[in-house]
Every structure is written in C-alpha cells, then in structure tokens.
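Reader: Can you walk me through this one? I'd like the ligands first, then the charged pairs.

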Amino acid sequence: MRNIDAKGHVTGQSLYVDDLPTWEGTLYGVVFYATVAHATLQQLDTSRARALPGVIDILTAKDIPGENQIGGILPDEELFASNEVHFQGQPIGLIVATSEAIAKKARQLISVDYQEKEVITDPRDAQTKGRLIFPPRTFSMGNTKQAWAACAYTVQGRADVNGQEHLYIETQGAYAYPMENGHIKISSSTQGPTAVQRTTARVLGVPMHTIEVDVVRLGGGFGGKEDQATPWAVMAALAAQKWSAPVKLILHRMDDMRMTGKRHPYSADYKLGLSSDLKMIAYEVVFYQNAGAAADLSPAVMERTLFHATNAYYIPNVVATAYSCKTNLPPNTAFRGFGGPQGMFVIEAAIAHAAHTLQVPKEKIQEANLLVKGNSFPYGQKITDNGLKTAWQQMQEKFALEDVKKSIVAYNQTHSTTKKGYALMPICFGISFTKTPMNQARALVHIYSDGSVGISTGAVEMGQGVNTKMIQVAAHVFDLPAHYIKLETTNTTRVANTSPTAASATADLNGKALEKACKTLLTRLKTCAANHLQTQPQNISLKQGQVWIKDKATAMDWSQLIEHAFLDRICLTENGHYATPVIHYNKTQEKGHPFAYHVMGLALTEVTVDCLRGTYHFDAVKIVHDFGKSMNMHVDRGQIEGGLVQGMGWMTLEELRYDPEGKLLSNSLSTYKVPDVYSAPEHIYIMSLPTQSTEMALLKSKAVGEPPLMYGIGAYFAIEHAISAFNPSYVPIQNAPFTHEKVLLSLYETGV
Ligand code: MTE
Ligand code: HPA
Ligand code: MOS
C-alpha cells in the first residue's frame, strides 16, 4: 500500500498546525526569553511593550493560575522563569498581540536586569561540581576487576560525541481555542497529546477533561516533540483561557533552535580489554551526559544509553556508569535512538582504538564478538536469535564484502590525493519504552451504518508512515479494500492516556490495540452473518468485502452485513487495549527483561576522502536489515534511508556549537548544516535479513523508526579508515562529528 500522505505532501494539501483555518479574533503569541544562561531576574520592565498598539497582554509567571511547572519526569522546570534563568532561550513571558509582527516588535521593547551567575556548559565540569540532575546509575555483569588480569591487551581513552538539532521541517507550534464552559481545545504539533493535555491542565489549574488535544500530523518530530512541544501549547492555552480568544503560537526557526533542547552531547571514559584471539573480555565505561538545565527526558535517555552500551557485542564483564550532568544549556531531550546512539558510538570508538593499537582491521574485532543466541546483555535479558551472525554472512555473500575491501586497497595504492575507506556498523536496538508502564495503547473503531469504517488510535503521524500502517491493519482484519477505512486525527477525547509516539513502538502498540478491536468486531459480525445465513459462525469468513460460508461466496456483501448488524442492534463500535506482555524491569537490581524484542542489522559504509581539502563523499552504504516480515516495504525503506542519512549527518556535518556563555552559535540554517541530497550516499542498498521475526511485533513487522539511525555511525569510522590510509601517524581523535575541518587536521596531524 502506498503511503496515504504521499499525494497530500507533494501537492501541498497536507495540513499542519499553521495551515488550520484561523478563527476570527485570533491572537498571536511570541515568546520572550532569557539572553543570559544563568542569572537571577532582577527587574522586568514590560511597560513600553504594553504601550504598543495591538499588544493585548504580556503573560509571565505571575499570570499562572495553577502550577508553574512543566517537568515530565522530575518537577524541575518552570513554564516561565520566576526568579532565576538557567539557560539562554528560557521562556520568561508570552507577548499576546493582534498580530505576530506586533508581538515581535513588542518583544524588543521589554527590558530585564539580570544578576549573572556562573555558567557551566561542560558536563564533566558539572559532574565535578556535583551538579547532577539525579543520582548516577550503573549496569554491571561479571567481574571486570578480575577480568583485567586475563586480558592480553587493554586500551583506555576518552570519547566525545556532540548533540544534534532535530530540524523538523515544521517548527514547534500550537493553536488553542476556547470552547463552551471554559473548556479549551488545542491543536498541537506534538508527539505526546496526553503530555500536552496533562501539563496544560496542571498549569491552568483545571481538570484534564476540560482540555482536548488534537493532532493532525507533524512535519517531523524525531523526538524533539515528545516532551518539548508541550510548553508552546500550554502558553497558547493560558492566553486563550485568560482572554477567551483563540491564540496561535508558532515558533520562528531561529527561536525554535535557541529555545529547544537537542540530542544530548556525551563525553565518556572507557577501558576495553581483549584476549589474544580478539575476544572482548572486559569493558568499563563512564558516561557524562550533558542534560542541560532541567531533567526533561534525560533520566530515560541516560537509561537507554546504558542499555545500549555494548551495542551488538557480547562482553562477559561490564561496568557501565552514567551521570546526568546539569549544565546551563537548553534541556536536552529525546532524539531518534534516545541515548542508544551515544552509547554505541563510544563502544565503537573503543573498538577502533583497540584495532588501531593492535594494527588489525576494526571489523575483525567486531565480527569476533557479535552477540549469539543465548548471550546475556548486562541488564539480564538474553538475545533470542543469531541475526547478527546471519547479517554478517549476508554482507559477505550478497554484498561481496571481501571484494569491496580489496578494491579499496587497490584504489588507495594507485591514488595519492584521494583515499577510500570503509567501516562496518552492526546494530542491536531494544524495542519497548524502557519504562514498562508506558508500553500500552488503545484504539477506537466505528463501523458506520453504510459500511465505511473510522479508526482512532493514540499514534501520531510524523512522517514515519504509522497512519498508513494503521489502515493496513484494519483493512487486513476485515479483508476490505483500504478506501473503506478512514483514519481520524489523534485526539485525547477519543483515545485517552496515551504514551507519546516514540520508542519506535507506536505501530506495535497502537496497531495491536487496533487489531484486537477489529477482531472483536469481526467475531460479532460473523455471529450476525451466521444468524442471517442459517449456519454456524465458525463457517463464516469475510473475503474482499464478501461474506463466505466455508469456501463458497454468498450473496451477502460487507455493506449488507453491516446493515443487518445495525438493524439487529449489534454494537458496531469497539475499543481495543494492548499492553506488551512479558516485559519487566527491576531498577534496584538493574536487571530484567525490558524489551519486547531487538532489531538487528549491519551496514557497510564506503567513503572517498579528498586529502587536499578534507572533504568527503559517501560512495555507498550497503545494509542488511532485520525487518521481520515488513508490512510495508515502501514505508520501511523510507525509514531506513531517512534514519541512515540523519545518523550520518550527526556523525559528519552537523556541528552544534555553544559559546562558553551558553549561547547557541549554530542557530540558523546557514550555520548548522544537515545532509542534503549531495551529501547523502550515492547509493543506498538495503537487503532484508531472513529471520523468523516475532509475535511481539505488529503482524510480525518489526519496529523500524529509530534503529537505522545508528547505521550512520559507520560514516565516522569509514572516514577514519580513509584518513589512516593517507596519514600513517594518525591517532584516532574519538570526537564526533567528523567535520571537514577535523578531517583536514587529522590528515596532516603527526600524532604528537
Ligand atoms: N520519520 C519521520 N519521517 N519523521 C519523524 O519525525 N521520528 C523517528 C522515527 N521516524 C520520525 C521518523 C522517531 S524518533 C521515532 S521514535 C519513530 O519514528 C516513531 O514512530 P514509530 O514508533 O511509528 O516508529
Ligand atoms: N524511548 C523513547 N521515548 C521514551 C522512552 C524510551 O525508552 N521512555 C520514555 N520516553
Ligand atoms: Mo523517538 S526519540 O523515541 O521520539
């Protein structure tokens, strides 16, 4: 089935928040925010701004009727700073005016006196000073202390990996309209409609049922709208409540970049021990997560880093510790992979270090240590198949790994100013929210009396194709053509208490709830058909919109069946609820079975580096990926290509930069470069890994949203490999992204 949004997107008809029809009397909000990173607020003078014609109000902490608190996991973040600001870009107030232009003008007329305090931007610095978001956590297995003695080689070092701007094409925004009796409806560009509803209710001091949140779709979220879509919706609702008027708040790109958090930068210290036959025996790692000025989702992100600290490898002795460090940067947040990619980069850097020291190809160490069926992760769960080994074999057989390596060696022998490099990147990513209670979802199905079907779930469409998959599920269970099914917007009044659309688990969770609801309706309909056709329900089946008795089509079609059911007063509406079975986790012991299953795969990245300029281009990325039994190859391939290139951007071009005062320097599209079609690999080949898949995945189709991003890590090590071919004294810099500038320096660095 083709993605149901394809036509709307290419013709420009798809609706986003700012495209929704505007109500008469709509007011516009612009956020006034801190321009220093750490200070007490001395005096706020809004009088000149208020005097500007068209300015209705300037809302600050004093105007909040409920709690001035938006923290999701920990209550440590104010909607509007009351006494202190903790990062540049922290909201202080909302200017409400009759137009956005007036509100922007008014913003320049506000003055604040700050009494500045010490600014910390480095996570190690914060950790030394005891500035942590919450206490550190440690995952361990075996006994590293004893294991070091048995190691033939050990390497020890530091690895740093920078953050990443989400750069969703649709910036953050919301539109709030007052309804009857003080109720408020909010159209929000959020991955978490329930989070918006809950937090709005908290800040406005009203019960949740007075707030309705509706989401049509997002122009991208990538994790950036899991938690951080909330404040803008709350601010719009606050103004709508106070002024009984519709209020729209859409962030300008540069405001969005300044005010919102990003992927967490991490710094890490590692020690890796290997046996003489290159088995990894012991691994100790300490992560310093740069959380920014408030918790946001950092505790959960940090946890996922620990879960993925050993990536796709079996290491019997592990100690992994992580600190969530409080700095004066915007609170960092979810981003595709959710901390997993950072953990994986560090182990890959440690392996690269060992390979460099021992002068063996990196992939020899990788291959020798792949997880096999029955191996335990440090958190106790066991791997259930040999997917990684199979992926490696497929890479050799189908993508002729050895030939690629030979041709690269040959190329490098005959070229002196350009060099080629390659890297292999295996991935193993756990599917489920790491917080077990979040793994639940609901769906609501109406069959209308003419036979058409309307479905609602808690899933939010953000480009990943989940709406298409939901329609496929209903069409599959009822065996109807897809045009019978309509997917409704995501709305808190139809599906309540939703988990955010995140963790790659949306299709699994919502799809399974939907499948259950549809199956219940189907059972009811079969009984109805059996009554009318004077047979037993077990003889009835529905095929292509027709009712069958055993292997014979009857004269009754779907619409006639629905008409019978309606006249027989049979309920044509059903609610489905799904909660992932099996999973559990004990945080005291740091052991359990947190994931429904793992997604595995292997990527081969090939690059050519221009050794005079430090520039590079990617010749090809070849991927063997574990789709399970894909329910939509078009959608899933799109996720792999997009995830891969986004991951490559993080590892290469995208350079997030703050100055020592916590000011974002890369705050526009001219200073922050994401991959475009020219920097994407010339070829992306994707092959399906033959696996049994799992019943835990929706129709055995495994989650695909986040895992491919981590194939992008191969880009970093492919570049490093090419640099080594040019500069024999190159010493791994262990510092991502590998920008052109860093490549140029590394090509000529002599290692002193
Ligand atoms: N794909 C597109 N086009 N746009 C997005 O915002 N978000 C990613 C991924 N793929 C995203 C995307 C992230 S961070 C996640 S968690 C998953 O989609 C969420 O959707 P899923 O659970 O349906 O895979
Ligand atoms: N993944 C993504 N988002 C989340 C998670 C997770 O494990 N937990 C809370 N939000
Ligand atoms: Mo994705 S980072 O779980 O929104």
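Author: What follows is a short tour of the ligand sites, the salt bridges and a surface patch. Keep in mind that this is a predicted model.

Reader: Start with ligand 1. Which residues come nearest?

Author: Gly221, Phe222, Met462, Thr506 and Gln639 come nearest, out of 16 residues around ligand 1.

Reader: What are the polar contacts of ligand 1 with side chains?

Author: There are two to list. An oxygen atom of ligand 1 sits 2.5 Å from an N or O atom in the side chain of Thr506. A nitrogen atom of ligand 1 is 2.7 Å from an N or O atom in the Gln639 side chain.

Reader: And which residue offers a polar backbone atom to ligand 1?

Author: Met462 does, at 2.7 Å from a nitrogen atom of the ligand. As for cover, ligand 1 exposes 520 Å² when taken alone, and the protein buries 92% of that.

Reader: How does the shell around ligand 1 split by class?

Author: Five residues are nonpolar, nine are polar and two are charged.

Reader: Now ligand 2. What surrounds ligand 2?

Author: Glu226, Arg304, Phe338, Phe433, Thr434, Met438, Ala502 and Ala503. By class, that shell has five nonpolar residues, one polar and two charged.

Reader: Which atoms of ligand 2 pair with Glu226 and Arg304?

Author: With Glu226, a nitrogen atom of ligand 2 is 2.6 Å from an N or O atom of the side chain. With Arg304, an oxygen atom of the ligand is 3.2 Å from a side-chain N or O atom.

Reader: What about Thr434, backbone or side chain?

Author: Backbone. An oxygen atom of ligand 2 lies 3.1 Å from a polar backbone atom of Thr434. On its own, ligand 2 has 260 Å² of accessible area, and the protein covers 98% of it.

Reader: Switching to salt bridges. How many are there?

Author: The count comes to 32 salt bridges. One of them joins the side chains of Asp63 and Lys242, at 3.3 Å from N to O.

Reader: Where in the chain do Asp63 and Lys242 sit?

Author: In distant parts, 179 residues apart. Asp63 is in the loop between strand 3 (55–59) and strand 4 (84–85), while Lys242 is in helix 7 (residues 230–243).

Reader: Is that pair buried or exposed?

Author: In between. Asp63 has a relative accessible area of 27%, so it counts as partly exposed. Lys242 is also partly exposed, at 43%.

Reader: Give me another pair. How do Asp610 and Arg613 meet?

Author: Their side chains form a salt bridge, 2.7 Å from N to O. Asp610 counts as buried because its relative accessibility is 16%, under the 20% cut-off. Arg613 is exposed, at 56%.

Reader: And Lys700, what is its partner?

Author: Glu695, with the closest N and O atoms 3.7 Å apart. Lys700 is partly exposed at 28%, whereas Glu695 is exposed at 57%.

Reader: Which residues are joined into one network by shared partners?

Author: Arg50, Asp57, Asp63 and Lys242 are, through salt bridges that share partners.

Reader: Last topic, the surface. Which residues make the nonpolar patch of about 290 Å²?

Author: Leu612, Leu744 and Tyr748 make that patch.

Reader: Where is Tyr748, and why does it count as partly exposed?

Author: Tyr748 is in helix 19 (residues 740–748). It counts as partly exposed because its relative accessibility is 45%, which falls between the 20% and 50% cut-offs.

Key: Residues numbered from 1 in each chain as written. Chains lettered and ligands numbered in written order. Predicted model: local features only at pLDDT ≥ 70, side-chain atom pairs only at ≥ 80, totals over all residues. Heavy atoms only, no water. Near = heavy atom within 4 Å. Polar contact = N/O pair within 3.5 Å; in protein donor to acceptor, adjacent residues only side chain to side chain. Areas by Shrake-Rupley, 256 points an atom, 1.4 Å probe, with all protein chains shown as cover. Nonpolar A, V, L, I, M, F, W, Y, C, P; charged D, E, K, R; others polar. Patch = residues over 30% accessible without salt bridge, like charges linked within 9 Å, V, L, I, M, F, W, Y side chains within 5 Å. Salt bridge = Lys/Arg side-chain N within 4 Å of Asp/Glu carboxyl O. Helix = DSSP H or I, 4+ residues; strand = E, 2+ residues; numbered from the N terminus. Buried < 20%, exposed > 50% of the residue type's maximum accessible area, 1.4 Å probe, protein only.
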